[in-house]
Amino acid sequence: MFAIIETGGKQYRVCVGDVLDIERIDAEPGATVNLKVLMTGEGESIVTGAAAEAKTVNATVVRQFRAPKVIVFKYKAKKNVRKKQGHRQYYTRVKIDAIV
């Protein structure tokens, strides 16, 4: 059985036992969170709409972390204009426990 969930403005296809990195959610490691379901499926049967929204995906927070730094460097040729920025995104690693 699989489910399509939505979190952090993105959609993910998950199965029980999957571990994935999602946009940061406020939860301590070890806490259980419920994720919004858009669609579920098993074999040839697909459930969408209100019937799928009635279901939930239970996940356990494994850890909170930050991704490696991404360097953004902008410049204008021949104008001596340079701008260097760095960014580190916050993520939450979750393990999918059940699709209920």
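**Exercise 1. Secondary structure and overall form**

Task: State how many helices and strands the protein chain of this predicted model has, and in what order the elements run.

Solution. Step 1: the protein chain has 1 helix and 9 strands. Step 2: read from the N terminus on, the elements follow the order β-β-β-β-β-α-β-β-β-β. Step 3: the radius of gyration of the protein chain is 19 Å, well over the 13 Å that the globule rule gives for 100 residues, so the chain is more spread out than a compact globule. Step 4: along the principal axes, the C-alpha atoms occupy a box of roughly 60 × 30 × 20 Å.

**Exercise 2. Burial, surface and contacts**

Task: Determine what percentage of the 100 residues is buried.

Solution. Step 1: a residue is called buried if its relative accessible area is under 20%. Step 2: buried residues make up 28% of the 100 residues in the protein chain. Step 3: the accessible surface amounts to about 6,800 Å², and carbon and sulfur atoms contribute 50% of that surface. Step 4: among contacts with a separation of 6 or more, 63% are between residues 24 or more positions apart.

**Exercise 3. The salt bridge of Lys36**

Task: Identify the residue whose side chain meets that of Lys36 in a salt bridge, and state where both residues lie.

Solution. Step 1: the partner of Lys36 is Glu6, with an N to O distance of 3.6 Å. Step 2: Lys36 belongs to strand β4 (residues 32-42) and Glu6 to strand β1 (residues 2-7), so the pair ties together parts that are 30 residues apart in sequence. Step 3: Lys36 is partly exposed, at a relative accessible area of 47%. Step 4: Glu6 is partly exposed as well, at 31%.

**Exercise 4. The salt bridges of strand β3**

Task: For Glu23 and Asp21, name the salt-bridge partner of each.

Solution. Step 1: Glu23 pairs with Lys10, at 2.9 Å from N to O. Step 2: this pair links distant parts of the chain, with Lys10 in strand β2 (residues 10-15) and Glu23 in strand β3 (residues 19-23), 13 residues apart. Step 3: Lys10 is partly exposed, with a relative accessible area of 37%, whereas Glu23 counts as buried at 18%. Step 4: Asp21 pairs with Arg93, at 2.7 Å from N to O. Step 5: Asp21 lies in strand β3 and Arg93 in strand β9 (residues 90-99), so this salt bridge ties together parts that are 72 residues apart in sequence. Step 6: Asp21 is partly exposed, at 31%, and Arg93 is partly exposed, at 25%. Step 7: the count of salt bridges comes to 3.

**Exercise 5. Rings and charges**

Task: Find which arginine lies over the face of Phe2, and which has its charged end over the ring of Phe65.

Solution. Step 1: Arg13 lies over the face of Phe2, 4.2 Å from the ring centre. Step 2: the charged end of Arg63 sits over the ring of Phe65, at 4.3 Å from its centre. Step 3: the count of aromatic pairs comes to 2.

**Exercise 6. The surroundings of Thr7**

Task: Decide whether Thr7 counts as buried or exposed, and list the residues that Thr7 touches, not counting residues up to four places away in sequence.

Solution. Step 1: Thr7 lies in strand β1. Step 2: its relative accessibility is 9%, and Thr7 therefore counts as buried. Step 3: with residues up to four places away in sequence left out, Thr7 touches Tyr12, Ile22, Ile25 and Leu35. Step 4: the C-alpha atoms of Thr7 and Val100 are separated by 17 Å, and these two residues are 93 residues apart along the chain.

**Exercise 7. Positive phi in a loop**

Task: Give the phi angles of Lys78 and Asn80, and state where each residue is found.

Solution. Step 1: as background, most residues other than glycine have a negative phi. Step 2: Lys78 is not a glycine, yet has a positive phi of about 65°. Step 3: Asn80, which is not a glycine either, has a positive phi of about 55°. Step 4: Lys78 lies in the loop between β7 (70-76) and β8 (81-87), and Asn80 is found in the loop between β7 and β8. Step 5: Lys78 is exposed, with a relative accessible area of 85%, and Asn80 is exposed, at 67%.

Notes: Residues are numbered from 1 along each chain as its sequence is written. This is a predicted model: local features need pLDDT of at least 70, side-chain atom pairs count only at pLDDT 80 or more; totals for chains, interfaces and linings use all residues. Side-chain values use heavy atoms; hydrogens and water are left out. A salt bridge is a side-chain nitrogen of Lys or Arg within 4 Å of a carboxyl oxygen of Asp or Glu. Helices (H or I, at least four residues) and strands (E, at least two) are DSSP runs, numbered from the N terminus. Buried means under 20% relative accessible area, exposed over 50%, partly exposed in between (1.4 Å probe, protein chains only). Rings of Phe, Tyr and Trp (its six-membered ring) pair if their centres lie within 6.5 Å; planes under 30 degrees apart count as stacked, over 60 as edge-to-face and the rest as tilted. A charge sits over a ring if NZ of Lys or CZ of Arg is within 6 Å of the ring centre and within 35 degrees of the ring normal. Contact means heavy atoms within 4.5 Å. The radius of gyration is taken over C-alpha atoms; the globule rule is 2.2 Å times the number of residues to the power 0.38. Accessible areas come from the Shrake-Rupley method with a 1.4 Å probe; for residues, only the protein chains shown count as cover.
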